[in-house]
Structure formats: structure tokens, C-alpha cells
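Student: Hey, I've just opened this one and I'm a bit lost. Can you walk me through it?

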Amino acid sequence: MSFKNKENLNALNKKIVECKKCKRLVLFRNKIAKDKRKMYLNETYWAKPVTGFGDVNANLLIIGLAPAAHGGNRTGRVFTGDKSSEFLFECLGTVGISNQKFSLHKNDNLKLNNSYLTLSLKCVPPNDKPTSLELKNCYSFFREELNYLENVKTILALGKVAFDSIVNFYKEQYNRPLKGYKFSHGVEFVLPDKRKLVGCYHPSPRNVNTGRIDKKKFTLLIRKVLKNNKI
């Protein structure tokens with residue numbers, strides 16, 4: 001990545017943090033920051049849009065749907081400070097994508113290797129269900145992220161809703177139908193810009209507790225993605 005692209009990405013992230021376009025999301029993220037969980041009563045919640053994080057020269061882009069109410073919305077960093085992040089980073093650390101197996105807060109020395117982690121929706125939505133308009137409002141940010149992360153070859157979508165949001169983004173971006181792009185764990189499709197889209201079960205406590213996803217399944221998929229795409 002050129003130095004100019006790095007500057008542009010930093011400027012974009014500043015713009016994301018300042019965004020107040022979706023009134024419903026602004027109200028909700030602020031409400032969550034006031035209605036804290038007991039274990040976080042002494043913490044000041046981030047309560048702003050959550051930007052991407054990682055290696056700006058990344059070949060792999062990992063994307064989730066939105067910040068967790070008491071995770072990213074509290075800590076200010078994507079997939080940080082909740083149960084999903086505990087599972088995710090134990091796996092990412094195991095395969096060498098991250099330098100450590102935990103993601104607790106913004107100053108915990110976490111670094112990602114050849115990977116960038118971001119969200120389709122930058123603010124936490126009520127009931128984890130964004131509206132189509134809210135997602136469209138964030139598409140402009142995602143479009144810029146992709147432009148500046150020019151080395152990205154593969155997008156790994158964590159969960160069906162994140163997967164579908166990427167499919168819908170490309171439909172809108174290229175004004176063409178993408179038939180047959182159906183989510184399942186390990187599915188892989190070629191997108192109109194020749195990047196690959198890979199589906200992965202979300203590392204949520206529900207999926208982990210029911211056995212839909214476990215550390216073996218997750219790390220096997222990550223290693224397959226790294227190998228097949230020569231990352």
C-alpha cells in the first residue's frame with residue numbers, strides 16, 4: 001500500500017468516527033453507553049462508530065456485521081471485549097494472524113498480520129438488526145475501505161448477515177445480480193472485482209455453545225483460506 005493510501009484510510013476512519021447519519025443508531029449506541037452492564041459500570045463507553053483495524057497492506061479482509069453492544073461499542077475497537085472476540089482471537093492467534101490470543105481493549109498491543117478486520121455496519125443496531133437504509137449509509141465507508149486496502153484478495157464474512165451485506169454491496173456497486181451467492185460455512189465465490197468472498201459461521205456464543213462452530217472448524221477454514229489464496 002502506498003503512503004497516500006494509508007493517509008487516506010486514516011482520514012476515512014476519522015470521518016467514520018464522527019458520523020451521525022443514522023439517528024436510530026446514534027440514539028441506541030448512546031443508550032447502551034448509559035445502561036451499562038454491572039461489570040463495566042466504572043468504564044466510559046466508546047459509543048461512537050467503530051472503524052476497521054489491522055494491517056493496511058492486508059491480503060485478507062475479515063468482516064463482521066456490527067459492533068457488539070458491550071464489546072466494540074464499549075471498547076472502541078472491532079471484535080474487542082466480548083465472548084465472540086475471545087473465541088475469534090484465540091483462533092486467529094493460533095493460525096498466526098494475530099500476535100496474541102486475546103482482544104481486550106484498544107491499548108492491549110494487539111497486531112494483525114496481513115489481515116484487516118472491519119464491519120459492514122459501524123454502529124451497534126437494536127437487536128443486532130440493521131435496516132437496509134442503515135447498511136446502505138455505511139456502504140460508502142466500506143467502498144472507500146476497499147479502495148484503500150488495495151491488496152485485499154479475499155473477504156472472509158463472519159456470519160450470514162455480514163455475508164449477505166457484502167453480496168448486496170457488490171450488487172449495488174456493479175448494478176448486476178449475483179445469483180447463487182448463498183451463505184454456508186466454507187462456501188467461496190468470486191466477486192465482480194475478482195476478489196473472493198468466503199462464508200464462515202459467526203463466532204458467537206450461541207454458535208459456539210451449540211457446536212455449530214468450534215476452534216477446530218474455525219482454524220481449519222482460516223488455514224484453508226490462507227493456503228488457497230496464497231496469503
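Tutor: Sure, one term to start: a contact means heavy atoms within 4.5 Å. This is a predicted model, where local features need pLDDT of at least 70 and side-chain atom pairs count only at pLDDT 80 or more, while totals for chains, interfaces and linings use all residues. Residues are numbered from 1 along each chain as its sequence is written, and side-chain values use heavy atoms, with hydrogens and water left out.

Student: OK, so what does His202 touch?

Tutor: Leaving aside residues up to four places away in sequence, His202 touches Phe79, Ser84, Leu158, Gly159, Asn207 and Ile213. The C-alpha atoms of His202 and Ile213 are 7.8 Å apart, and the two residues are eleven places apart along the chain.

Student: And where is His202 found?

Tutor: In the loop between strand E6 (196–200) and helix H7 (205–210). Helices (H or I, at least four residues) and strands (E, at least two) are DSSP runs, numbered from the N terminus.

Student: Is His202 exposed or partly exposed?

Tutor: Partly exposed, because its relative accessible area is 23%. Buried means under 20%, exposed over 50%, and partly exposed in between, using a 1.4 Å probe and protein chains only.

Student: Switching to the sheet: in what order do the strands come?

Tutor: Six strands make an open sheet, in the order E1-E3-E2-E4-E6-E5, with mixed pairing. Two strands pair if DSSP finds at least two bridges between them.

Student: Which strands stand at the edges?

Tutor: E1 (53–54) and E5 (188–190); each has a single partner strand, so one side of each lacks a neighbour in the sheet. E1 pairs with E3 (residues 115–119) in the antiparallel sense over two bridges, and Phe53 has Leu117 in E3 as its bridge partner.

Student: How many residues of E4 are buried?

Tutor: Five of the five, so E4 is largely enclosed by the rest of the structure. Thr154, Leu156 and Leu158 point one way, and Ile155 and Ala157 the other.

Student: What joins E4 to E2?

Tutor: Four bridges, and the two strands run parallel. Ile155 in E4 is the bridge partner of Leu61. E4 also pairs with E6 in the parallel sense, over five bridges, where Ile155 stands opposite Leu197.

Student: Now helices: which residues of H1 meet H5?

Tutor: Asn5, Asn8, Leu9, Leu12, Lys15 and Ile16 in H1, which meet Phe141, Glu144, Glu145, Asn147 and Tyr148 in H5.
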